[in-house]
Amino acid sequence: MSRIFNFSSGPAMLPAEVLSRAGDEMLDWHGAGMGVMEMSHRGREFTGIAAEAERDLRELLAVPAHYKVLFLQGGATLQFAQVPMNLLRGKASADYVITGEWSKKAAKEARAYCDVHVAASSEERKFTYAPRNWQLRGDAAYVHYCSNETIGGVEFHWTPDTGPVPLVSDASSHLLSRALDVPRYGLIYAGAQKNLGPAGLTVVIVREDLIGAAARGTPTVMDYKLQAESDSMLNTPATYAIYVAGLVFKWLRQLGGVAEMERRNVHKAQLLYAALDAGFYRNPVAREDRSRMNVPFSLPDERLDAPFLKGAEERGMVQLKGHRSVGGMRASIYNAMPLEGVQRLVVYLKEFAAQHG
Ligand SMILES: *Cc1c(COP(=O)(O)O)cnc(C)c1O
């Protein structure tokens with residue numbers, strides 16, 4: 001068996017150890033005589049698996065007891081609507097910070113539910129930095145931002161201070177890649193397929209006092225409070241995705257938790273950016289706001305894109321093509337991307353630049 005290095009932005013690589021264990025347990029999970037996919041979500045085995053996944057996630061991020069952890073469906077995109085439906089709590093407006101395609105989409109969706117005020121935007125510089133000055137309104141129900149813009153490769157390396165107004169983060173593409181100060185947030189959400197596990201699962205971490213006042217007409221499965229009360233099992237959850245994410249949480253805990261993961265991610269990102277900064281390539285993002293997870297870059301001439309991608313594929317590296325809205329290349333180097341994958345890419349970047357520079 002040979003594994004290639006997959007630089008996709010998501011669904012993305014999963015740790016080989018996790019896939020291998022899931023494979024071992026595919027037909028018979030711990031002597032149950034059946035696989036996890038076949039289990040009743042209300043049975044003893046699966047409720048144990050889900051509870052353990054929640055415990056491990058809480059432990060990894062030191063989630064305080066007054067926060068609920070929910071395992072939902074619908075992707076991060078559904079959260080663009082679910083957040084206003086639940087967190088407006090009778091208020092008429094919310095503040096949004098726009099730093100790229102994802103936060104822009106979130107704000108657009110929210111306009112169906114409330115008056116959206118753009119508190120800061122980096123659009124005038126093509127989403128290449130994280131704005132520091134936010135014009136917040138005291139009467140906003142919450143402030144929403146995207147702490148790592150997957151497409152543009154802009155990451156907030158600091159936690160915004162929104163005073164008493166709850167801070168909401170779309171952390172889809174960097175949750176568990178670094179330490180995170182959960183008590184500074186009202187709500188954090190993430191689609192699993194970037195850094196946590198398989199597609200189909202969305203993790204929501206929400207402060208308990210913010211839920212329980214969903215807007216009229218909110219579908220039952222979209223009401224955070226009702227989901228929290230039923231341990232995210234109001235209806236059938238994404239059982240297999242929860243199980244695999246649980247294995248990823250265990251893998252992370254074993255290698256030393258998010259602190260150790262962050263150390264590794266800093267190292268990988270430094271290697272890659274150093275190679276890009278050596279000339280020939282270009283990354284458009286302000287240095288202090290560069291993402292450790294998603295690294296967009298361009299070659300000096302678009303006509304080199306196809307030969308670059310072809311050469312990468314021949315060397316066992318795939319999915320390096322940039323998002324259609326940005327063009328160029330993008331290397332997503334999530335937790336599961338081994339150091340060797342980044343090293344191989346760096347060697348190739350130098351080789352290609354020497355050949356074509
Ligand atoms: C991928 C992504 C989304 C969309 O996720 P879906 O699960 O496809 O809905 C939203 N926000 C960010 C930051 C993402 O990276």
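In what order do the seven strands of the open sheet run? Reading across, the order is β2-β10-β9-β8-β5-β3-β4, and the pairing is mixed. The model you are looking at is a predicted one, so treat what follows as a walk through a prediction.

Let's begin at the rims of the sheet. The edge places go to β2 (67–72) and β4 (115–121). Each of them has a single partner strand, so one side of each has no neighbour in the sheet. If you compare neighbouring strands here, ignoring direction, they are turned by 20 degrees against each other on average.

Now walk inward from the β2 edge. Six bridges tie β2 to β10, and the two strands run antiparallel. One spot to look for is Phe71, which stands opposite Val203 in β10. On the β9 side, Val203 has Ala190 standing opposite. So what joins β10 (residues 202–207) to β9? Five bridges do, and this pair is antiparallel too. Gly191 facing Thr202 in β10 is another pair of opposite residues to find. As for cover, five of the six residues of β10 are buried.

The next strand along is β9, residues 187–191. Here five of its five residues are buried, and the cover is on both faces. Leu187, Tyr189 and Gly191 are on one side, while Ile188 and Ala190 are on the other. That back-and-forth pattern has a general background: in a regular strand the side chains alternate between the two faces of the sheet.

From β9 we step to β8, and the direction of pairing changes to parallel, with three bridges between the two strands. Ser169 stands opposite Ile188 in β9, and Asp170 stands opposite Tyr189. Strand β8 covers residues 167–170, and it is covered on both faces as well. Leu167 and Ser169 are buried on one side, Val168 and Asp170 on the other. On to the following neighbour: β5 (residues 143–146) runs parallel to β8 and is joined to it by four bridges. Look for His144 there, whose bridge partner in β8 is Val168.

Keep Asp170 in mind, since it leads us to the ligand. Which residues are closest to the ligand? They are Thr77, Thr150, Asp170, Gln193 and Lys194, out of 13 residues that surround the ligand. Sorted by kind, the shell has four nonpolar, seven polar and two charged residues. Helix α3 (residues 75–87) gives the most to this shell, with four residues.

Some polar contacts are worth zooming in on. A nitrogen atom of the ligand is 2.6 Å from an N or O atom in the side chain of Asp170. An oxygen atom of the ligand is 2.4 Å from an N or O atom in the side chain of Thr150. The backbone takes part as well: a polar backbone atom of Ala76 is 3.2 Å from an oxygen atom of the ligand. How much of the ligand does the protein bury? Taken alone the ligand exposes 380 Å², and the protein buries 86% of that.

Away from the sheet and the ligand, a few spots in the backbone deserve a look. Here is the background: most residues other than glycine have a negative phi, and most peptide bonds are trans. Against that, the peptide bond from Gly10 to Pro11 is cis, with omega near -10 degrees. You'll find Pro11 in the loop between β1 (5–6) and α1.

Ala62 has a positive phi, near 50 degrees, though it is not a glycine. This residue lies in the loop between α2 (44–61) and β2. Is Ala62 buried or exposed? Exposed, because its relative accessible area is 56% and the cut-off for exposed is over 50%. Phe280 has a positive phi too, of about 75 degrees. Its place is the loop between α7 (257–277) and β11 (294–297). With a relative accessible area of 21%, Phe280 is partly exposed.

One last stop is Asp24, in helix α1 (residues 16–24). Asp24 is exposed, with a relative accessible area of 64%. In sequence, Asp24 and Gly246 are 222 residues apart, yet C-alpha to C-alpha they are 15 Å apart in space.

Technical notes: Residues numbered from 1 in each chain as written. Predicted model: local features only at pLDDT ≥ 70, side-chain atom pairs only at ≥ 80, totals over all residues. Heavy atoms only, no water. Buried < 20%, exposed > 50% of the residue type's maximum accessible area, 1.4 Å probe, protein only. Pairing = 2+ DSSP bridges. Near = heavy atom within 4 Å. Polar contact = N/O pair within 3.5 Å; in protein donor to acceptor, adjacent residues only side chain to side chain. Areas by Shrake-Rupley, 256 points an atom, 1.4 Å probe, with all protein chains shown as cover. Nonpolar A, V, L, I, M, F, W, Y, C, P; charged D, E, K, R; others polar. Axes fitted to C-alpha atoms, helices over the stretch in contact; angles between N-to-C directions.
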